[in-house]
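Subject: Structure handover

Hello,

Please find the structure below, with my notes after it. The notes cover confidence, strand pairing and helix packing, in an order meant for a reader who has not seen it before.

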Amino acid sequence: MKRNVLRVAERGWGSYRTVTAAIRAAEEGAVIHVQPGTYQEGLVIDTDITVVAEKGPGTVRIVAGHGPAVSVSGGAPVFRGVTFQGTNRGSAVLVTAGAPVFDECEVHGGRVDVIHTAAATLRTCVLEGAGDSSLHVTGTATAVVEDCVLRSASGHGLTLSDAAGVEVRRTVVERVTGCGAVLVGDSHGVFEDCTIRNTGDAGVLAHTRARLVLRDCRLHDTKAQGVRITDAPGATATSTAPAAEGEVGDAVREEPPRVRLEKCEIFRTGREGLLAAGAADLQLRECHVRETTGAGLIATGAARVALEGTRVVDVSGSGLAALEGANLQVLGGIVARTGANGVHATGECVVRLTECEISTTAFTSLYIGEKARLDAASCLVRDSAQHAVRVEGSADFIGEDTRVERPRMTGIDVKGADAVLRRCVVSGADTGIRLDTRHRPLLEGCEVLGSAKTGIEVAARAGAVVVGGRVEGSGSAGVFLDDHSEAWIEDLTVSGAKGSGLVVWSDARPRVRSVTITGTGKNGLYVGEGAEGLFEDCEISSTGFPAVYVGAKATPVLRRCVVHDTDEDLSQADGAAATFEQCQSSEVKNATLPTAVDDGEVPVSAGAGALVAGTGRQKKVGARRPEGTTEQHLPELLAELEQLVGLEGVKNEVASMAKLMQMVKRRQDAGLQPPPLNRHLIFAGNPGTGKTTVARLYGRILAALGLLARGHLVEADRNALVGEYVGHTAPKTTAVFRQALGGVLFIDEAYALVPAGQSSDFGHEAISTLVKLMEDHRDDVVVIAAGYPADMNRLIDSNPGLASRFTRTLRFNDYSPDDLVRIVEHQAIQHEYRISAETAAALLAHFNSIERTERFGNGRTARQAFQQMTEQHAMRVTDFHDPSSEDLTLLLPADVPSAVV
């Protein structure tokens with residue numbers, strides 16, 4: 001007869017001799033008390049019964065001769081205080097179905113398998129000495145593990161696969177030869193207040209499809225990473241989707257990150273603290289990563305990693321590394337005492353740091369290379385053994401409200417790359433900011449304080465735009481502009497430099513406006529031999545040497561500048577050729593410039609212009625203006641324009657605008673107000689109609705009139721202006737615009753910025769950015785938007801600001817057949833060929849026969865025709881035994897291609 005309470009003992013009346021016999025006899029809900037002993041049997045259970053070690057944990061051992069010591073195939077059995085002994089070759093406990101509970105049990109010499117749809121619970125258990133994983137959960141099975149110890153496995157501590165799930169609380173995984181926990185497939189796990197230590201591989205390994213949450217966990221003394229997230233073997237990593245809104249790279253998440261760590265500690269790892277590779281999706285909140293053998297964290301591939309309030313300290317490698325196409329977002333937290341860089345970004349990764357502290361790094365605090373982009377907002381970067389920030393290659397750096405303190409080398413060093421710095425402070429650096437790039441980085445409202453050497457240095461042939469801010473207490477020059485550099489500086493204050501305030505080296509040509517220089521150990525403004533530049537509305541005072549020094553052959557123009565409270569205002573070398581317009585001195589012991597009270601004509605040092613104070617007019621005494629900025633070149637440029645084939649209407653309009661602007665310049669020179677003038681243009685025409693050529697000439701004409709500093713042409717299209725994710729477009733557009741300062745920004749196929757029917761396209765952001773930049777720099781840049789006539793109206797209508805800035809449209813008509821023949825003839829002259837009258841007639845006939853479809857290229861069609869003619873000529877003449885000079889140069893009708901499209 002079945003009873004609710006059964007007893008198992010090796011001897012005694014009323015007891016079962018085996019647990020199996022008691023199980024067979026037990027009814028549903030029965031309790032089986034097992035006396036101490038070792039029972040050589042394998043249990044099979046599928047009912048709701050309870051098996052209890054009557055004398056407590058460790059007194060009852062179930063040992064299977066082969067197979068599992070216990071198999072659960074159904075029901076909700078409970079095992080309390082029982083030890084199960086496996087064979088070291090497979091399962092010691094096998095749960096295929098049901099919901100068993102193991103309480104204060106031990107499992108030795110085999111793993112616990114929870115498979116299929118089973119749901120097991122382990123409380124205060126010890127799993128030890130498994131041949132592979134201590135606990136394996138697979139299928140759609142689940143397990144709850146509380147207050148347990150998993151140790152001394154020859155493989156992993158815990159393995160999840162397929163769609164299995166676990167909840168693990170207050171559990172220790174230790175002394176395993178593999179990983180502490182492995183999650184593969186679509187498995188999912190939650191670990192709370194757990195410790196994973198002394199592992200032969202990573203503390204936790206998760207494939208990128210798995211989901212994992214670690215809360216208040218400790219992972220340490222691992223031979224590999226604390227946490228490693230990677231694609232499954234053979235899987236192809238996929239790129240993260242572009243962001244839809246928010247900050248740079250911050251896509252709106254429809255679901256939380258797949259792997260989350262909250263208030264966890266990772267320390268004493270054999271390699272990186274964390275590695276996120278492939279398509280990993282990882283988030284850390286208020287975590288602490290320390291004492292790692294490699295980097296604190298590496299994000300690579302297409303990984304997305306977000307850190308919030310996390311500390312990464314005392315690591316042997318870099319604190320944080322983003323490689324390849326990774327996206328790393330860091331909010332708050334500290335990276336400190338690193339053996340390499342603080343943050344290392346290369347490849348095409350995107351990194352954003354907000355309110356972070358990066359300090360005490362053995363290498364550079366923030367290193368950005370290759371095509372990486374790093375944004376730092378409201379960060380503190382201090383005490384780096386090398387540069388605080390180093391940007392090189394094709395990388396981009398955007399720093400806003402960020403403070404740099406005490407780097408041993410340069411505060412911010414930009415080499416070949418691009419940077420935008422807004423309201424940044426650099427203090428205690430060797431050199432404050434060094435810019436060695438043609439990208440013209442932007443410094444807006446920045447402060448450079450107490451540099452041992454130069455405050456701001458613009459390297460040879462480099463460019464920069466500096467707006468606002470101050471340079472204070474430099475050990476040598478406040479601002480140094482190396483030879484052939486081209487800097488734009490406005491509203492900057494330079495004070496307390498032990499050397500000169502602003503040094504313009506040989507052949508440099510800056511444009512400086514509203515700069516204040518005071519308290520320098522040497523000159524306020526030093527213009528080296530052969531240097532040029534325009535200096536407007538500047539104030540120089542309290543200098544140790546003469547306020548302004550002009551070297552031999554230097555040709556700077558100083559306009560409305562004031563020198564006061566110093567011993568000497570001007571010193572010039574023999575052969576200097578400076579020009580002074582409306583400049584004056586006050587409280588100067590040895591004044592050369594006009595004083596504020598003078599009414600008459602005051603002489604200026606040899607080689608400079610003499611100014612009639614207060615009139616704005618000057619008498620020239622051998623003054624030389626920079627090449628390309630006087631009207632003497634205007635006739636040559638207009639003649640070059642007139643020589644262009646066709647384009648009669650365009651040439652007439654450009655010539656008329658040149659005359660108007662010439663009058664504007666003369667009124668300005670006479671001190672009169674200029675009439676309203678809008679120099680931005682729309683070039684409407686089909687491809688190959690000479691729009692780029694005219695744009696280049698237009699810029700040179702404006703430079704000849706002194707209305708543009710250089711007149712160079714920067715070509716751009718949609719790809720150059722529009723970013724791939726939110727927050728990328730405005731900096732990209734700004735960077736291109738900065739390159740065009742002093743010249744012409746030519747936007748080809750500009751209508752592509754507003755694709756038809758796509759109101760949310762990033763092109764609208766590019767247009768809004770351009771409109772603002774055009775207003776902020778209305779005297780410094782000319783923008784020409786070019787494209788098909790029918791599509792340009794859509795562009796103008798896309799933003800109200802465009803219509804007011806583009807008030808004139810030049811229409812480039814298609815070339816006539818006669819024009820195309822003339823283009824071919826020009827090509828022939830340039831390449832030393834001759835075209836006979838008969839050949840020209842054949843060409844005209846062919847151009848008349850061309851169907852003008854969308855493939856028709858105007859000038860490009862003519863150039864292609866010439867190329868085909870030279871190829872046909874070569875094939876014809878190659879067989880000549882001894883070709884004459886005429887044979888080698890004369891193109892015949894037979895060389896004209898049969899079809900020109």
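Two strands are said to pair if DSSP finds at least two bridges between them. By that rule, S66 and strand S69 (residues 562-568) are paired, with 3 bridges in the parallel sense. One of the residue pairs here joins Ile540 to Val563 in S69. Strand S66, residues 539-543, also pairs with strand S63 (residues 516-520), again in the parallel sense, and this time over 4 bridges. Within that pairing, Thr518 has Ser541 of S66 as its bridge partner.

Before going further, note that this is a predicted model.

Confidence

The average pLDDT for the chain is 87, and 91% of the residues score at least 70. Over residues 237-253, however, the pLDDT is below 50, and this stretch has 40 contacts in the model beyond near neighbours in sequence. Residues 597-629 also stay under 50 in pLDDT; for them the model has 74 contacts beyond four places in sequence. Please keep both stretches in mind when viewing the model.

The open sheet

Further along the chain, 5 strands form an open sheet with parallel pairing, and their order is S77-S78-S79-S76-S80. Its edges are strand S77 (713-716) and strand S80 (809-812), each of which pairs on one side only. From one strand to the next, the twist averages 20°.

Within this sheet, strand S78 (residues 744-747) runs parallel to strand S79 (residues 782-787), and 4 bridges join the two. Leu745 has Val783 in S79 as its bridge partner. As general background, strands of a sheet pair through backbone hydrogen bonds, either parallel or antiparallel.

Helices on the sheet

Which strands does helix H4 lie across? Helix H4 (residues 691-704) lies across strand S76 (681-685), S77, S78, S79 and S80, and runs at about 170° to S79. Helix H6 (residues 729-739) packs on the sheet as well, where it touches S77, S78 and S79. The direction of H6 makes about 155° with that of S77.

H2 against H4

Helix H4 also meets helix H2 (residues 634-642): their axes come within 9 Å and cross at roughly 165°. Angles over 145 degrees count as roughly antiparallel, so H2 and H4 are roughly antiparallel to each other. The crossing of H2 past H4 is left-handed. On the H2 side, the residues in contact are Leu634, Leu637, Leu638, Glu640 and Leu641, and they meet Leu697, Arg700, Ile701 and Ala704 in H4. By class, the residues of this contact are 7 nonpolar, no polar and 2 charged.

H11 against H12

How do the axes of H11 and H12 cross? Those of helix H11 (residues 837-849) and helix H12 (residues 859-877) cross at roughly 130° and come within 12 Å. The two helices are therefore oblique to each other. Their crossing is right-handed. Thr839, Leu843 and Phe847 in H11 meet Thr861, Ala862, Ala865 and Met869 in H12. This contact of H11 with H12 has 5 nonpolar, 2 polar and no charged residues.

Regards

Key
Residues numbered from 1 in each chain as written. Predicted model: local features only at pLDDT ≥ 70, side-chain atom pairs only at ≥ 80, totals over all residues. Heavy atoms only, no water. Axes fitted to C-alpha atoms, helices over the stretch in contact; angles between N-to-C directions. Contact = heavy atoms within 4.5 Å. Parallel < 35°, antiparallel > 145°, perpendicular 65-115°, else oblique. Left-handed = near helix turned anticlockwise from the far one by under 90°. Nonpolar A, V, L, I, M, F, W, Y, C, P; charged D, E, K, R; others polar. pLDDT = per-residue confidence, 0-100.
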